[in-house]
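Q: I am new to this structure and would like to learn how to read its features one at a time. Could we look at it together?

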Amino acid sequence: MCGENSLPFDSQYVLPVKSYVIMTSDEIRATFLSFFEGKGHKIIPSSSLIPKGDPTLLLTSAGMVQFKPYFLGEALPPNPRLASCQKCFRATDIESVGDPSHLTFFEMLGNFSIGDYFKQETINWAWEFVTQHLGLPPQRLWITIFLDDDESFRYWQKLGVPEERILRFGEEDNFWGPAGDSGPCGPCSEIHYDFGEEVGCGKPSCAPNCDCGRFFEIWNLVFTQYNQDKEGRRTLLPKPNIDTGMGLERTAAVVQGKTSIYETSLFAPLLKRISWLAGKKYGANEDMDNAMRVMAEHSRGIAFLIGDGVMPSNEGRGYVLRRLLRRAALFGRKLGLDKLFLAETAKVTIKQMEHVYPEIGQRRDFILEIIEQEEARFNETLNTGLEILDRIMEEAISKGKRKKISGTKAFELYDTYGFPVELTTEIAAGHGLSVNLEGFEKEMDKQRERAKVAQKVKLVHEETLALKERTSLHAQPHRTLSFVGYHTLKHKSVIIFPERIQEGQKASLILADTPFYGEMGGQVGDTGEIHSPSGKFIVTNTIRDASDIILHQGYVTEGSLTVGDEVEAMVDRERRLDIARNHTATHLLQSALRQVLGEHVQQRGSLVAPDRLRFDFSHLTAVTEKERQEIQHIVNDKIRQNLAVYSEDIPYKKAIDEGAIALFDEKYGDVVRVVKIGEPVISAELCGGTHVTSTGEIGFLQIIGESSIGAGLRRIEAVTGREAEAFIDKHFSSLEKIAQSLGASPDEAQDKASSLVTELDKEHRRTQALERKLAKKIAESLLGQAEVVKGVRVLAVRVSSLRMPALREMCDRLREQLKSAVIVLGTVYEDKPAFLAAVTPDLVARGYNAGEIVKQVAKVTGGSGGGSAGLGQAGGKYKDKIDEALRLVKSLI
């Protein structure tokens, strides 16, 4: 195939386009924002595809998502009039991708009013923009409104829109629900472009709600009047708002005179690249064209999702990305692309869009690396998976009536070969089959059950149940079961449970309030003691039960303790301080990781113990030595700066808006505790753990390990404070001992060791060469010892101690010289018997097997072995039985 650059632009592989373009997508985007800036709107940059502080939403699906707190009155907007061009993603349309109008990733142009203007201004400006600034002919435009929205009807009529081109529809078409399962919503009015009667179904009843392709919805004007809660109840907002959305891709199609978004300037470069990669002409075959369109569309979504920090996984938004990647790879196979190609299409997207969204240009290498790794991983199982799916479909079709793929089979494809069930369903539908999704979910539930961690110890559950049964008996006015250990390690309290425990008894003690931290969020529980005038209880661990009750696990060492006793609870101070050092260091470590590796780094797990810390995070490749040193340097620099560490209890929304890091899947209350480091803040995380009061108390952090714990997941282990000192002392002591052994100073030890290793390697090679010469001579001396047994030449002898490579060389030499023979050599190496057997090809053809022979021989020495028919190897335990074992060979012929 000719090089890419040698392919002429007007070749057969280029997407055919019309000879004129009225406005490019860049011009439409700029014109829109400029128009609304002139109407007093503040232009707001696009937010991430990962919604900030909105747990109800998986991905940003509309322009209004980042403005939701303003609509709800939870925050003040920077201006009551806002406009933006927002990156959006909707997985609901994934199976429609490839048709003229549907996309997963798209850009949404929008203007927004936060309690300022309402319907009249919105409608007037929309009409002005599409007719005067985009130049769309008014006679091509149709309007839809909500059933009883007479106010909007009047405004459209005043602009000169004929009554017959203003249509009323119900909630399904003209009521805009919330982004997620709750939020602002309201009736809407849409502007549709009519391509004409020659396009579409041709029916007299054809209207903007027909899916035939004649009409393109280009702008949706949402009159946000209500707030809908999770139960679907709607209440009027304090002030009505405006939320509009104009799809850039659809608008570009209309402005550029196209009937499909894929014929616009936005997609032409991608389709050109895919056409070249596949060596197929776009426009020659509809099935191939559709595959190219799907690949082009998915390539954009993949690049932008990864660019905003989404990592491939089997859950949440990571699963959406993985499904998109694998779907694109599958359509690539339809075009005959059996090698990695998605990084190539991503390059086109990045080059085309980085001037608008610089983040994808800044993260280019990372985006391409993730795509290549994920596509390569899927490619490893794709062929096998497709073959198995073909067999499953053939079997289902042969059964006749039901034509359904079982949930078990679909799960096997997902679990073993990485096929998302949606992909299996889609492929099956193309063959007239369905998938038993209920059965698939049952298999998934079984897997989730198998994956669940063990429950809390039985003692905890039994005593928790007992506590709940006794609550009415032992309730006290001051009973709060609260944690008071952020600022004190010694506290007077009252025993709530159990009723009575005596010396020698183990129990889980519950206090009215406690300074003991119960294990949570990766931080281990405290230890210490609880005592009263009548008894003493040693706390060996502190945990929280499912009801968030703090349980002090341990045993009574003196006297007895009874419910209602006043006690003093004392946390092990030194251990708590060690834990606090590690916890604060973990926050510094996460901040440094994001600084060095990128903002895609997200916490995936942690352990904060007194002797070490462990931090699991999302990242595709191993952390290099240079990166590790930089991360460690940044953390220790912040430690030396002795930055203040402090916490604030603030509303969750405020914390997220200020940039505090939260776990996506974690559930938080309305008010959260935020632990901050430094002023200005260098780290802010939602955290309930215990910390030092300044970073200088940590002393020093030493990274002691970095490893992989799964696809796209890495783990760093480190020590701080006393443990870091002990670690460095131990390793420096070892270095000094090594240096003494080498006769060098610690600074010279590495060079001396390297020199010694080089010398040893040289001696090793010399020894191997001598062994090979010796093996050759020994082989020549053994030729005369071969005997003929039942017409077969047999050589079974003991030789001087040699390593296995030399023994193989000797065996090869004997096989070459004897031409036809069974050879078994025995030796003692490292004080244990070793055997090597060889059978020449002619005797292999007669049924002799070296692997079986050497296995039988080794048994005599208490060992075992095996191998192929031509060559076998074995080892044993008893060297004094080598000769007996070799004598067995003749009887085996």
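Q: Which residues does Ile371 touch, leaving out those up to four places away in sequence?

A: Ile371 touches Ile302, Ile306, Leu325, Leu342, Ala343 and Ala346, not counting residues up to four places away in sequence, where contact means heavy atoms within 4.5 Å. Please keep in mind that this is a predicted model, in which local features need pLDDT of at least 70 and side-chain atom pairs count only at pLDDT 80 or more, while totals for chains, interfaces and linings use all residues. Residues are numbered from 1 along each chain as its sequence is written, and side-chain values use heavy atoms, with hydrogens and water left out.

Q: How should I read a nonpolar core, and which residues of the largest one touch the most other members?

A: In soluble globular proteins, nonpolar side chains tend to be buried together. A nonpolar core here is a set of buried Ala, Val, Leu, Ile, Met, Phe, Trp, Tyr and Cys residues joined through side-chain atoms within 4.5 Å, and buried means under 20% relative accessible area with a 1.4 Å probe, protein chains only. The largest core has 97 residues, of which Val130, Leu134, Leu136, Trp156, Trp219 and Ile371 touch the most other members. Its largest share, ten residues, comes from helix α8 (residues 286–307), helices being DSSP runs of H or I with at least four residues and strands runs of E with at least two, numbered from the N terminus. A second, separate core of 28 residues includes Ala585, Leu701, Ile703 and Ala718.

Q: How are the strands ordered in the open sheet?

A: Two strands pair if DSSP finds at least two bridges between them. Six strands form this open sheet, in the order β28-β29-β30-β31-β33-β32, and the pairing is mixed. Because β28 (787–789) and β32 (864–867) stand at the edges, each with a single partner strand, one side of each is left without a neighbour in the sheet.

Q: What joins strand β31 to strand β33, and how much of β31 is covered?

A: Strand β31 (residues 832–839) is mostly covered, as seven of its eight residues are buried. Five bridges join β31 to β33 (residues 871–875), and these two strands run antiparallel, with Leu836 standing opposite Gln873. Strand β30 (residues 822–829) is also antiparallel to β31, joined to it by eight bridges, and here Val824 stands opposite Ala837, while Thr827 stands opposite Ala834. The hairpin of β30 and β31 has two residues between the strands, and in it Glu830 takes a positive phi near 55°.

Conventions
Buried < 20%, exposed > 50% of the residue type's maximum accessible area, 1.4 Å probe, protein only.
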